[in-house]
Amino acid sequence: MEHLPEHFARLSTALRLAGVRAPAGPPDHDELLLDPLALRGWVERRCAGQVGRVRVAGALDRRLVFVERSEGGWVVADLSGQPHRSRTWPVWAREQLVLNQPASWLSLTHLDEPALWRLSRPSVLLAALYHPETFPLPRFPLGISTVARAARETLLGTVALADMQLGLTLDNLVARVRTNRPDVLGVSATFGQYDLLVRLLEAVYALADPPLVVAGGSLTARVERVLLERFPRLLVARSGGEATIGALLAHWHGDCDLDEVPSLGYVGAPRGGGLAVGRRRTAKPVTRDITLDVVPELDLLPATFDRHGVAQLESSRGCTSYCSFCPRCPVQAKMANGVCAELDVARWVRTADCRGVQNYLAA
C-alpha cells in the first residue's frame, strides 16, 4: 500500500492550485485521513482566508477533497492518486459534476449550489450501543464502519461515527444528537441492548425536531414489530445496512420514495407528508453483491486500539447454515474482494504498529 504521506503531498498540490500561497506541511499524525470531518476542519483552519468552502467526501481508499478557489471555481483532488475517470461516480455526480481533467487525480470543476448541497447534507450520525458487562474489551465496530463506507461512497452529505465502547455514555450520545442535530441517526443494536435502544429512541423522539432514525443489527430483526408499534416513525434496516443507507440518503434528497429503499421496515407515511399507512410494511430485500461491502471505514480504529481493544477484519460475510430459530436472513457465505482485503490489512497494521500492538491472530 502507498504511504500516507503521499496523500498529503497531493493535498498540498491541490491547495496550491486552489490559491494557497504556502500550504502547511503534513499534520503530525497521518490518522487525520481516516476521518473526513477532521480532515476538512484541518484544511479550513490551515487555509483560512485563502480559500472558500471545503468539502471532503468518498471512502477512505478514494478520498475526495473539494476546495473552492477565491477567484471562482473549485479544485477536486482524489488523494489516492487514481484518475477521476476511474471512479464509479454516483448518478447524481455524473450529472452535476463536470471535470476539466478527468484523466488526472487533480482537476478544476464547476460546483453549483445544488451539487454543494448534496456534498454537504444530510449529516449522518451512526452510533453503536454497548453494555460494558457484556464485552469488557472494546471491539472495532465493523457494523457501523461498513455502513459508513457505503454512505460515503454515495458522496451525499457527511458521516460521523459514535461508539459507546469508547467511553461514550448514553447521556453523552443523546446530548450529541441534541447539540449536533444530525439529519439522519443510524443505530446499531445487538442482543442484550434493548434497554439502551429504547431509552435512546425515547430521548430522540422527545426532541422538537427529531432526525430520521433508522435502527439495524441482530436485535432489531428480532423485535421489529415491537419497536414499530412503540415508535411508529422508526425505520428498521433488515439486512446488512449498506444498500439501505445508500438508498435512504437518496430518499432524503427526494431521488426515490421510501418504499424504494431496500430491506426497510416501517409504519406510516413517508417522512414529509402523504397518506398514512395503517400497517407494518417490510420491503423485499434486494439481491446484491455482498462481497463489495466487507471493507469498513477506519475512523474509530485508533480510538479502539488506544483503549486496548481488539479489531477484526471480515474476509467473508454471511453464514452457510439456515437455522430456523435465527432472526437473521440467511446469506450464503462469500469471500471478500482480495484487493480490498489486502489494502485494509495494510492500513490496520500501520495503525496498530503506531500504538504498540504486538499480537495478531488470523483465523
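Okay, disulfides. How many does a search of the whole structure find? Zero. Quick reminder: a disulfide is a covalent bond between the sulfur atoms of two cysteines. And keep in mind that what we're looking at is a predicted model.

Let's look at two cysteines anyway. Is Cys 47 buried or exposed? Buried, with a relative accessible area of 2%. Then there's Cys 256, at 14% relative accessibility. The cut-off for buried is under 20%, so Cys 256 counts as buried too.

Now, how far do we trust the model? The mean pLDDT of the protein chain is 83, and 75% of its residues reach 70 or more. There are weak patches, though. Over residues 269-279 the pLDDT drops below 50, and in the model that stretch makes 15 contacts beyond its near neighbours in sequence. Residues 327-343 are also below 50, and there the model has 37 contacts beyond near neighbours in sequence.

Last stop, helix H5. Find residues 142-153: that's twelve residues, and from the first C-alpha to the last, H5 reaches 17 Å. At 1.5 Å a residue you'd expect 16 Å, so the two are close.

So how many of H5's twelve residues are buried? Ten, which makes the helix mostly covered. Among them are Leu 142, Ile 144, Val 147 and a run of alanines and arginines: Ala 148, Arg 149, Ala 150, Ala 151 and Arg 152. Ser 145 and Thr 146 are on the buried list as well.

And what comes after the helix? H5 is followed by Leu 155, and its phi is positive, near 60°. Have a look at that spot on the screen.

Terms used: Residues are numbered from 1 along each chain as its sequence is written. This is a predicted model: local features need pLDDT of at least 70, side-chain atom pairs count only at pLDDT 80 or more; totals for chains, interfaces and linings use all residues. Side-chain values use heavy atoms; hydrogens and water are left out. pLDDT is the predictor's confidence in each residue, from 0 to 100. Contact means heavy atoms within 4.5 Å. A disulfide is a pair of cysteine sulfur atoms within 2.5 Å. Buried means under 20% relative accessible area, exposed over 50%, partly exposed in between (1.4 Å probe, protein chains only). Helices (H or I, at least four residues) and strands (E, at least two) are DSSP runs, numbered from the N terminus.
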